[in-house]
Amino acid sequence: MDPGFLLDGRYRLERRLARHGRTQVWCGRDVLLERRVAVTVLAVTSSEGSLRERIRDATRAAASPAHLCAVTTYDYGEAEAADGGALMYVVAEFLSGETLAARLAQGLPAAQEAVDVCARVAGALAAAHACGAVHGALTSSQVFLAADGVRLLGLGPAGVLVRAGEGAPEASDGADDDVRALGRIIAECLTGDPEGAATGLPDGVAGLVARCRDLDAGAGRPSAADAARVLAAQAESAEAPAAVRTRVLSAEAGRRGRPRGRRAAVVGGACAAVLALALLPLLMILSSLRDAPADVAVPLPSRPASRPPLGSMEDPASRPPAIRTPGAAASPAVPERTVRAAAVSALGRMRRSIDVGMATGEVRPRFGTELATLVTTLLDEVDGGAPVDLGRRIAGLRSALAGRAPGDVAPARAAGLGALLAEVPVPS
């Protein structure tokens, strides 16, 4: 697939980082705010309406945890089609750095550094649990060492789409699973083995690890908040040099003793993998996805065709009317408010239907991109109150749709687009 697809008129998908089942994670750019973002997308078919509702509810719940160690979610949207299908997407901050797993693969850090990062992970878990959310699949590969500190990936709506795309079952024990996983991460950071013996660890930490990992701990298992307090106290202990106590285990720590070229390769691979692999599995059952297609590609537009695009000035059907002169036809008028509202609604749904059609392979990228440009241009003009010859422009869109080449648009999708055009009130 070629980069360049503009999602919902705002997010330019630049390069795909990974694909998981039906879900794809892209490095993109918010063209409105001019910033790099991570975009997770999932195409849902028209027969999965109930699943779509459940994903929407889960993304709302996932958006509630607020913590400095959580990845920030910027936006959520659904490019809706007339047939009930949708391209669901989540936009989040794009991180630079590497995972804790990648860092540990290069050698164990100093004990106080390890305790510090684990305290931050525990704090993020505590914030999530306080909001009623759980991670459910926490590992060192889901702890990200960003330039500005430690981030716990997965505490956000993007994980819902990843989990939905994979069709994975929900976590069984919720917060208890998270705390047991935290115990394994602490042991991995300090001994190199998630299941390693807790002996020889710093005072207070060995007992915490044992209680976290104990399958039969029951009420004796600490909460994430309890673990965070114990770890934070250990990280701030007087036994540790001040420079170590205040230094967060970060991507910078992994640079010592390694050539720059190798470092760049490690970080690049880690970023690509972690943004796709380490997102939040929430308490939701998505077993209905198991009977769905294993993968849904998001075809992106190819390079512009050499021929004039649909609706260009070279296209007589879309040539604007002449400026009014004495004896000439009247200039286009601004549509009435009720007409504008109906037109904006229909054209907006048509624009999203084209997006979904390209996502599901029902609309060829080149044709879809050109048609979407025409629709978006008209939509912007009508919504902005510009003078528009609505009848002529809608006729041009109908002509473009009718003049498509075989295979440009699936018959059912074409019928849906035509029905949306018919909803636009035009002069008789």
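This report describes a helix pair, a small sheet and two charge-over-ring contacts in a predicted model.

The model is predicted, with local features needing pLDDT of at least 70 and side-chain atom pairs counting only at pLDDT 80 or more, while totals for chains, interfaces and linings use all residues. Residues are numbered from 1 along each chain as its sequence is written, and side-chain values use heavy atoms, without hydrogens and water.

Helix 3 (residues 111-130) and helix 5 (residues 175-191) pack with their axes 9 Å apart, at an angle of about 170 degrees; axes are lines fitted to C-alpha atoms, for helices over the stretch in contact, and angles run from 0 to 180 degrees between N-to-C directions. The two helices, DSSP runs of H or I with at least four residues, are therefore roughly antiparallel, a term for angles over 145 degrees. Their contact (heavy atoms within 4.5 Å) includes Val115 and Leu125 of helix 3 and Leu182 and Ile186 of helix 5.

Three strands, DSSP runs of E with at least two residues, form an open antiparallel sheet in the order 7-8-9. Strand 7 (97-99) and strand 9 (149-152) are the edge strands, where pairing requires at least two DSSP bridges between two strands. Strand 7 pairs with strand 8 (residues 143-146) over three bridges, and Gly97 has Ala146 of strand 8 as its bridge partner. Helix 3 packs on this sheet, touching strand 8 and strand 9.

Two arginines sit over aromatic rings, with CZ of Arg (or NZ of Lys) within 6 Å of the ring centre and within 35 degrees of the ring normal.

| Arginine | Ring | Distance from ring centre |
|---|---|---|
| Arg35 | Tyr74 | 3.6 Å |
| Arg36 | Phe94 | 5.4 Å |

How values were computed
Parallel < 35°, antiparallel > 145°, perpendicular 65-115°, else oblique.
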